[in-house]
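Trainee: I should like to understand how the terms used to describe a protein model are justified. May we go through them one at a time?

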Amino acid sequence: MSLIRGLVSTLYCLPKVYKWFYRPYYLLSLLMTVAFPIVRSCPGLCEYLPSQREDSNSCAFDWREVEILMFLSAIVMMKNRRAITLEQHIGNIFLFSKVANVVLFFRVDLRLGLLYLMLCVVFLITCKPPIYMGPEFIKYFSDSTIDEELRRDGRVTWIVEFYANWSPECQTFAPIFADLSLKYDCLGLKFGKVDIGQYAAAAERYKVNPSPLCKQLPSLLLLQGGRELMRRPLVDMKGRAVGWNCTEENIIREFNLNEMFQRCKKFSKGEKPEEPKTLLQEAPEEEQPHEDEDEEEEEPESKKDK
């Protein structure tokens with residue numbers, strides 16, 4: 001089922017997929033993904049590779065290589081079950097295909113394995129995934145400006161994303177957060193981002209752990225007047241994030257963005273917006289005895305006395 005969903009999403013987004021391969025990152029990733037099949041089937045190269053086939057055809061996959069490729073397909077399908085966007089699907093294919101290529105090259109020849117592994121390291125250092133550069137209504141904070149901006153106007157509600165450029169999850173989430181800012185930004189509701197890879201002090205103040213083991217990135221915080229109202233994902237007692245998918249539907253539902261947007265639009269019209277429901281936790285007023293009830297109870301007694 002996950003394979004079918006991946007194929008459908010790929011075909012649906014095919015018009016924009018071919019544009020990715022104009023970028024060096026995706027083009028080189030594609031070449032490294034198919035490196036072993038090209039070497040194994042290329043005339044002039046495959047003759048020098050060992051093979052365990054009974055017909056001694058060194059230009060075709062042997063049974064062990066087919067087994068490794070089948071195992072790779074199973075892993076990719078399992079990982080893509082949790083993939084949300086097309087970028088995540090393709091990223092998983094690139095990642096695990098490179099791992100399978102390392103195993104296949106080392107199995108054929110130690111020198112080829114070392115050469116391919118060296119190319120992977122150079123690619124990882126020199127080629128970074130392209131950063132989202134589309135339209136957005138997002139303000140970028142530093143550790144020295146975030147507190148001042150959030151406390152400037154207590155009527156404004158902020159949704160702030162804590163991210164890191166090295167995190168694949170943050171890179172995948174960038175267009176989703178930008179799209180939300182285009183739909184819901186108004187004078188009473190603002191969107192912001194903090195790069196905690198560059199501003200670690202801000203991450204420490206707002207208790208966001210940048211460690212990959214904690215899986216807290218990206219973290220979304222709902223803030224008003226410098227006070228935190230809620231965050232996603234939640235964090236357990238061990239400092240690890242509770243499982244939560246950063247999809248557009250989940251964010252709209254969890255943060256109640258539709259209702260918040262309607263409430264914060266009043267600020268655009270010059271009215272003071274209501275505070276979010278998370279702040280309205282006032283204790284119920286105590287009921288006071290009504291003097292009228294006491295007078296009503298005394299009236300029948302006075303009539304009897306008469």
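Mentor: Let us begin with a definition: UniProt positions are given here in the numbering used for this chain, and such annotations may be inferred rather than shown by experiment. The unreviewed UniProt entry annotates residues 20–40, 90–108 and 114–132 as "transmembrane region". Please also keep in mind that the model is predicted.

Trainee: What makes up residues 90–108 and residues 114–132 in the model, helix or strand?

Mentor: Residues 90–108 are 100% helix and 0% strand, and their end C-alpha atoms lie 27 Å apart. Residues 114–132 are 68% helix and 0% strand, with end C-alpha atoms 33 Å apart. The chain as a whole has 13 helices and five strands.

Trainee: How do you know that the span of helix α5 agrees with its number of residues?

Mentor: Helix α5 has 17 residues, 63–79, and the expected span is 1.5 Å times one less than that number, which gives 24 Å. The end C-alpha atoms of α5 are 25 Å apart, so the two values agree.

Trainee: Which residues of α5 are buried, and why are they said to be on the same side?

Mentor: The buried residues of α5 are E65, I68, L72 and V76. They cover an arc of only 75 degrees around the axis, and therefore they lie on the same side of α5. These buried residues pack against α4 and α6, whereas M70, F71 and M78 are exposed on the other side of α5.

Trainee: What makes D62 a cap of α5?

Mentor: A side-chain oxygen of D62 lies 3.2 Å from the backbone nitrogen of R64, at the N-terminal end of α5.

Trainee: Why is T157 called buried?

Mentor: Buried means under 20% relative accessible area. T157 has 2%, so T157 counts as buried. T157 is in strand β2, residues 157–163.

Trainee: Why is the pair T157 and Q224 called a polar contact?

Mentor: The limit for such a pair of N or O atoms is within 3.5 Å. The side chains of T157 and Q224 are joined at 3.2 Å, so the pair meets that limit.

Trainee: Does the same cut-off settle the matter for E149 and G188, and why is each of them called buried?

Mentor: E149 has a relative accessible area of 15%, so E149 is buried. G188 has 0%, and therefore G188 counts as buried too. E149 is in helix α8 and touches K139, F141 and W158, leaving aside residues up to four places away in sequence. G188 lies in the loop between α9 and β3; G188 and W158 are 30 residues apart in sequence, yet 8.4 Å apart in space, C-alpha to C-alpha.

Trainee: Why is K215 called exposed but N256 partly exposed?

Mentor: Exposed means over 50%, and partly exposed means between 20% and 50%. K215 has 65%, so K215 is exposed; N256 has 35%, so N256 is partly exposed. K215 lies in the loop between α10 and β4, and N256 in the loop between α11 and α12.

Trainee: What makes the phi of K215 and of N256 worth noting?

Mentor: Most residues other than glycine have a negative phi. Phi of K215 is near 55 degrees, a positive value, and phi of N256 is likewise near 55 degrees.

Trainee: Which peptide bonds are cis?

Mentor: The bond from L217 to P218 is cis, with omega near -5 degrees. The bond that joins R232 and P233 is cis, with omega about 0 degrees.

How values were computed:
Residues are numbered from 1 along each chain as its sequence is written. This is a predicted model: local features need pLDDT of at least 70, side-chain atom pairs count only at pLDDT 80 or more; totals for chains, interfaces and linings use all residues. Side-chain values use heavy atoms; hydrogens and water are left out. Helices (H or I, at least four residues) and strands (E, at least two) are DSSP runs, numbered from the N terminus. Buried means under 20% relative accessible area, exposed over 50%, partly exposed in between (1.4 Å probe, protein chains only). A polar contact is a pair of N or O atoms within 3.5 Å; within protein, one must be able to donate a hydrogen and the other to accept it, and residues adjacent in sequence count only if both atoms are side-chain atoms. The arc is that of the directions from the helix axis to the C-beta atoms. Contact means heavy atoms within 4.5 Å.
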